[in-house]
Amino acid sequence: MGQVTLYFPFKSLTNIESSFRRIRLMLAVFTGCCALVTGYALWSSYRFAERQREKIYVLDGGKSLMMALSQDLSQNRPAEAREHVRRFHELFFSLSPQKDAIGHNINRALQLADKSAYHYYVDFAEKGYYNRLISGNINQVVHVDSVVCDFAVYPYKATTYARQMIIRESNVTERSLVTSCSLQNTGRSDDNPNGFIIEQFTILENKDIRSAER
């Protein structure tokens, strides 16, 4: 009886196992890449949703839609402080020779300040300042040159440098106006959109610079 010899294809089995390992490695790499892409897509979607939630839309006079970023509110605070002080001076010192117009401007200005500004208003009224504007048909316009604020300490300190134009029928007088005040944070409202209140308002200088005939 003849002897039967068996041949095992060891080399072929080794190649097959190596191919399977490569396939498994490629599948693992592909799965990992898919996981990374999916994770990045989820993270990007989350960040986009967060950015959308940070946006505030403000209706401007019922006409245009303006967008402000809530994350920039703290960065805009110094600009809001200067605008608050500027607006107060424009309302308090820019006056026309009409009783109703003067009262309207003063009332709006006093919404932005405490009693320190009200005391100046009472003093001016008692001295007949507003009556002289009306009887003399005098327009008073204020141009704010700069508002210097110190945000290193709270309440914030502000110094305002402005020019006051007294416009009469015969001449125009330019006066310097320098004031100081402190700023406290307060709630925002329609009358006080910047969320500040002016305290310790003081007129440091208010004197004639020049006068010119009209």
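## A tour of the fold, from Gln200 inwards

Gln200 lies in strand β6. This residue has a positive phi of about 55° although it is not a glycine. That is worth a second look, because most residues other than glycine have a negative phi. With a relative accessible area of 51%, Gln200 counts as exposed. Keep in mind while you look around that this is a predicted model.

**The overall layout**

Let's zoom out for a moment. The chain holds five helices and six strands. Reading from the N terminus, the elements go α-β-β-α-α-α-α-β-β-β-β. The chain has 214 residues, and 28% of them count as buried. How much of the contact list comes from residues 24 or more positions apart? Among contacts in the chain with a separation of 6 or more, such pairs account for 57%.

**The nonpolar core**

Now for the inside. The largest nonpolar core has 33 residues, and Phe88, Phe92, Leu183 and Phe201 have the most contacts inside it. Eight stretches are worth finding on screen here: the elements giving two or more residues to this core are α2 (73-93), α3 (99-110), α4 (115-126), α5 (129-135), β3 (139-150), β4 (156-167), β5 (171-185) and β6 (196-213). Which element gives the largest share of this core? That would be α2, with six residues.

Phe201 makes a good place to stop. Leaving out residues up to four places away in sequence, Phe201 touches Phe88, His89, Phe93, Ser116, Ala117, Tyr120, Thr179, Ser180 and Cys181. Phe88, one of these partners, is also among the residues with the most contacts inside the core.

**Two residues in strand β4**

Next, try Tyr161 and Ala162. Tyr161 lies in strand β4, and Ala162 is found in strand β4 too. Are they buried or exposed? Tyr161 is partly exposed, with a relative accessible area of 39%, whereas Ala162 counts as buried at 6%.

Their contacts are fun to trace. Setting aside residues up to four places away in sequence, Tyr161 touches Val144, Asp145, Ser146, Val148, Leu177 and Val178. On that basis, Ala162 touches Val142, His143, Val144, Asp145, Arg175, Ser176 and Leu177. You can also check distances along the chain against distances in space. Tyr161 and Ser180 are 19 residues apart along the chain, and their C-alpha atoms are separated by 9.2 Å. For Ala162 and Thr179, 17 residues apart in sequence, the C-alpha to C-alpha distance is 8.6 Å.

**The second largest pocket**

Where is empty space left? Rolling a probe the size of a water molecule over the atoms shows this. The second largest pocket holds about 330 Å³ of space. It is lined by 17 residues, and Tyr129, Arg132, Gln140, Ile166 and Arg175 lie nearest its centre. The elements that give two or more residues to this lining are α2, α5, β4, β5 and β6. The largest share of the lining, four residues, comes from α5. By character, the lining residues of this second largest pocket split into nine nonpolar, four polar and four charged.

**Cysteines without partners**

How many disulfides does a search of the whole structure find? The search finds zero. A disulfide is a covalent bond between the sulfur atoms of two cysteines. The cut-off for counting one is a pair of sulfur atoms within 2.5 Å. Here is how two of the cysteines compare with that:

| Cysteine | Nearest cysteine sulfur | Distance |
|---|---|---|
| Cys33 | Cys34 | 7.0 Å |
| Cys149 | Cys181 | 7.4 Å |

So why is there no bond at Cys33? Its sulfur is 7.0 Å from the closest cysteine sulfur, which is too far. Cys149 is in no disulfide either. As for their surroundings, Cys33 counts as partly exposed at 42% relative accessibility, while Cys149 is buried at 18%.

**Oddities of the backbone**

Two more backbone spots deserve a visit. Asn137 lies in the loop between α5 and β3. Like Gln200, Asn137 has a positive phi without being a glycine, in this case about 50°. Asn137 is partly exposed, with a relative accessible area of 39%.

The other spot is a peptide bond. Most peptide bonds are trans, but a cis one joins Tyr154 and Pro155, with omega about 0°. To find it, look for Pro155 in the loop between β3 and β4.

Conventions: Residues are numbered from 1 along each chain as its sequence is written. This is a predicted model: local features need pLDDT of at least 70, side-chain atom pairs count only at pLDDT 80 or more; totals for chains, interfaces and linings use all residues. Side-chain values use heavy atoms; hydrogens and water are left out. Buried means under 20% relative accessible area, exposed over 50%, partly exposed in between (1.4 Å probe, protein chains only). A nonpolar core is a set of buried Ala, Val, Leu, Ile, Met, Phe, Trp, Tyr and Cys residues joined through side-chain atoms within 4.5 Å. Contact means heavy atoms within 4.5 Å. On a 1 Å grid over the protein atoms alone, a cavity is a set of points where a 1.4 Å probe fits but cannot get out, and a pocket is an open set with protein on both sides within 12 Å along at least five of seven lines; lining residues have an atom within 4 Å of a point. Grid points are joined across faces, edges and corners, and a volume is the space filled by probe spheres set on the points. Ala, Val, Leu, Ile, Met, Phe, Trp, Tyr, Cys and Pro count as nonpolar, Asp, Glu, Lys and Arg as charged, and the others, Gly among them, as polar.
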